[in-house]
Amino acid sequence: MTSPSLDGTVVVITGASSGIGRAAAQAFARQGARVVLAARDRQALEEVAAECRGEGADALVVPTDVGVADEVERLATAAAEFGHGRIDVWINNAGIGAVGAFDETPLEAHEQVVQTDLLGYLRGAHAVLPYFKQQSGGVLINTLSVGSWVAQPYAVAYSASKFGLRGLTQALRGELVQWPGIHVCDIYPGVVDTPGFRDGGNYTGRALVPPPPRYDPRRVAEAMVRRALHPRDTTPVGATASLLRLAHALTPGFDRLNGLLTGMALRRANQAARSSGNLFDPPGGDRRIDGGWRTAEGPDKRLLLAGGLLFGVVGALLLRRRR
């Protein structure tokens, strides 16, 4: 029995211009896949394509705004032509965010987040599934996040989108049960060190700093490669993804506690200008994989201590309730 291989497979990646998407493009290129790169920024995509070709892979650039249905359909058509009628893997990864008090964030900003982070994934799935059914196989990989289990105060539209994606993927799995060769795989990373915190919409008036630990985007890309080779429904990336999911399930009032802590952190942060960021246009600045937030210090000891304390508190509460 031969080992599975990605050599020559056609892999579509949305949000490929930076962060997790760019890391995924490089990771699949190293596996010999033929990558189709989609994002709004053509120049950045051309840079990524050159990186992939440097790995010996074929690469196609298709500038795409996943918030526009016709553009997603054109992406699928171009990818199928590139693959001589076949698409093997489709990665829904494009994402944006808007941070700020719900009623102080413009409604159009909330709507734009949902257009990209929820409807963009729905459009991607809708565009690729006919190809998967025609060839009786394919892997759809969705980049969700720990935010799909733990709602994030001050990022209401993002949380609504990520919670919605859980329903989207679970419903698709149920509907596709008669197609055993088609797989829908979810990736649940913790906080990832990408340019997203720098580029996203910020209506708080405060500088945004992602909480530690901040994971390397390449870890998420490696998880995507593993799921393309060996499909599995759910894959967390980073211990905090599983820890926070468990804490949310077991801790009464977790959402309110999370809101208090987030509000305190924002009030203590340095002042910054309000900005719509990359919500309506591609971001400026250097397009890269890393956000520059990580350190070389290894696991954050404060997080490990907090996790231990949290489990202690949860255990005490459960014991008290039993008594």
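This passage walks through a predicted model, from its overall build to a few of its residues and their partners.

The overall build is a good place to start. The protein has 10 helices and 9 strands. Its C-alpha atoms fill a box of roughly 60 × 45 × 40 Å along the principal axes. For 323 residues, a compact globule would be expected to have a radius of gyration near 20 Å, and the value for this protein is 20 Å, so the two agree. Buried residues account for 50% of the 323 residues. Contacts were also examined by their separation along the chain: among those with a separation of 6 or more, 76% join residues 24 or more positions apart.

Aromatic residues offer a handy first landmark. A search of the whole structure turns up 1 aromatic pair. The partners are W149 and Y188, whose rings lie 5.9 Å apart, centre to centre, with 40 degrees between the planes, a tilted arrangement. W149 belongs to the loop between β6 (138-143) and α5, whereas Y188 belongs to strand β7 (residues 182-189), so the pair ties together parts that lie 39 residues apart in sequence. W149 has a relative accessibility of 18% and therefore counts as buried, the cut-off being under 20%. Y188 is buried too, with a relative accessible area of 4%.

The ring of W149 has a further partner in R166. The charged end of R166 sits over this ring, 3.7 Å from its centre. R166 also lies over the face of F163, and here the distance to the ring centre is 5.5 Å. W149 thus appears in two kinds of arrangement, the tilted pair with Y188 and the ring beneath the charged end of R166.

Helix α5 itself can be explored through one of its residues. S159 is found in this helix, which covers residues 156-175. With a relative accessibility of 6%, S159 counts as buried. Its side chain reaches the backbone nitrogen of Q152 at a distance of 2.8 Å. When neighbours within four places in sequence are set aside, the residues in contact with S159 are G147, A151 and Q152. Q152 therefore features twice around S159, in the list of contacts and as the residue whose backbone nitrogen is reached by the side chain.

Charged side chains come next. The structure holds 16 salt bridges. One of them joins R34 and D58, whose side chains meet at 3.2 Å, N to O. This pair links distant parts of the chain: R34 is in strand β2 (residues 34-38), and D58 is in the loop between α2 (42-54) and β3 (59-61), 24 residues apart. The partners differ in their surroundings, for R34 is buried with a relative accessible area of 18%, while D58 is partly exposed at 42%.

D199 takes part in two of the salt bridges described here. With R198, the closest N and O atoms are 2.7 Å apart. With R287, the side chains meet at 3.0 Å, N to O. D199 lies in helix α6 and R287 in the loop between α9 (254-268) and α10 (301-322), so this second pair ties together parts that are 88 residues apart in sequence. D199 is buried, with a relative accessible area of 6%, and R287 is likewise buried, at 9%. R198, at 35% relative accessibility, counts as partly exposed. Elsewhere, salt bridges join up into a network that links D193, D216, R218, D290 and R294.

A last stop is T194, in the loop between β7 and α6 (196-199). At 14% relative accessibility, T194 counts as buried. Leaving aside neighbours within four places in sequence, T194 is in contact with G19, I20, P217, I289, D290, G291 and W293. One of these, D290, is also a member of the salt-bridge network just described. For a sense of scale, T194 and G124 are 70 residues apart in sequence, and their C-alpha atoms are 22 Å apart in space.

Technical notes. Residues numbered from 1 in each chain as written. Predicted model: local features only at pLDDT ≥ 70, side-chain atom pairs only at ≥ 80, totals over all residues. Heavy atoms only, no water. Helix = DSSP H or I, 4+ residues; strand = E, 2+ residues; numbered from the N terminus. Buried < 20%, exposed > 50% of the residue type's maximum accessible area, 1.4 Å probe, protein only. Polar contact = N/O pair within 3.5 Å; in protein donor to acceptor, adjacent residues only side chain to side chain. Contact = heavy atoms within 4.5 Å. Phe/Tyr/Trp six-rings, centres within 6.5 Å; stacked < 30°, edge-to-face > 60°. Lys NZ or Arg CZ within 6 Å of the ring centre and 35° of its normal. Salt bridge = Lys/Arg side-chain N within 4 Å of Asp/Glu carboxyl O. Rg over C-alpha atoms; globule rule 2.2 N^0.38 Å.
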